[in-house]
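Notebook open, structure loaded. I want to look up the side-chain contacts here, ring pairs and charged pairs alike.

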Amino acid sequence: EDAPYGLQPVAILGRLTGRPAVLHEAGIAIFSAMYGRDFAAENDILDELELERFGLDDLREAARTGLLRPPSEPAS
């Protein structure tokens, strides 16, 4: 649970901000190899959020308002 639900969100946020969390990424790769599983793909919550579609400004707005809108949807 720590790899897909703990490390993977940090890795995604690091990529979104242009500051990759290389040790988190390496940990996911190592644990996946050790257990023969794709831990990066096992976090179904992140798949539903589709965070990689959004920019940092979208995520800041979501943190402020509690709403994550698709990039095409205007803020109210």
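Note to self before anything else: this is a predicted model.

**Entry 1, F39.** I started with accessibility at F39 and got 6%, so F39 counts as buried. That sits under the 20% cut-off for buried.

**Entry 2, Y35.** Next I checked Y35, which comes out at 55% relative accessibility and therefore counts as exposed. The cut-off for that label is over 50%.

**Entry 3, aromatic pairs.** How many aromatic pairs does a search of the whole structure find? I got one. The partners are Y35 and F39, the two residues I had just looked up. Their ring centres are 6.1 Å apart, and the planes make an angle of 80°. I logged the pair as edge-to-face because the cut-off for that class is over 60 degrees. So this contact joins an exposed Tyr, Y35, to a buried Phe, F39.

**Entry 4, salt bridges.** On to the charges: I count four salt bridges in the structure. I wrote up three pairs in detail, below.

**Entry 5, R15 and E25.** The closest N and O atoms of R15 and E25 are 2.4 Å apart, and the two form a salt bridge. Where do R15 and E25 lie? I find R15 in helix α1 (residues 2-17) and E25 in helix α2 (residues 22-35), so the bridge ties together parts that are ten residues apart in sequence. Both ends are partly exposed by my lookup: R15 has 37% relative accessibility, and E25 has 27%.

**Entry 6, R37 and E42.** Here I get an N to O distance of 2.7 Å for the salt bridge between the side chains. R37 is at 41% relative accessibility, which makes it partly exposed. E42 is at 30% and gets the label partly exposed too.

**Entry 7, E61 and R64.** This salt bridge has its closest N and O atoms 2.9 Å apart. What separates E61 and R64 along helix α4? I noted about one helical turn, since the two are three residues apart in that helix (residues 56-65). Is R64 buried or exposed? R64 is exposed, with a relative accessible area of 62%. Its partner E61 has 26% and is partly exposed.

**Wrap-up.** My page now has one aromatic pair and four salt bridges. Among the bridges, R15 with E25 links helix α1 to helix α2, whereas E61 and R64 both sit in helix α4.

Definitions and conventions. Residues are numbered from 1 along each chain as its sequence is written. This is a predicted model: local features need pLDDT of at least 70, side-chain atom pairs count only at pLDDT 80 or more; totals for chains, interfaces and linings use all residues. Side-chain values use heavy atoms; hydrogens and water are left out. Rings of Phe, Tyr and Trp (its six-membered ring) pair if their centres lie within 6.5 Å; planes under 30 degrees apart count as stacked, over 60 as edge-to-face and the rest as tilted. Buried means under 20% relative accessible area, exposed over 50%, partly exposed in between (1.4 Å probe, protein chains only). Helices (H or I, at least four residues) and strands (E, at least two) are DSSP runs, numbered from the N terminus.
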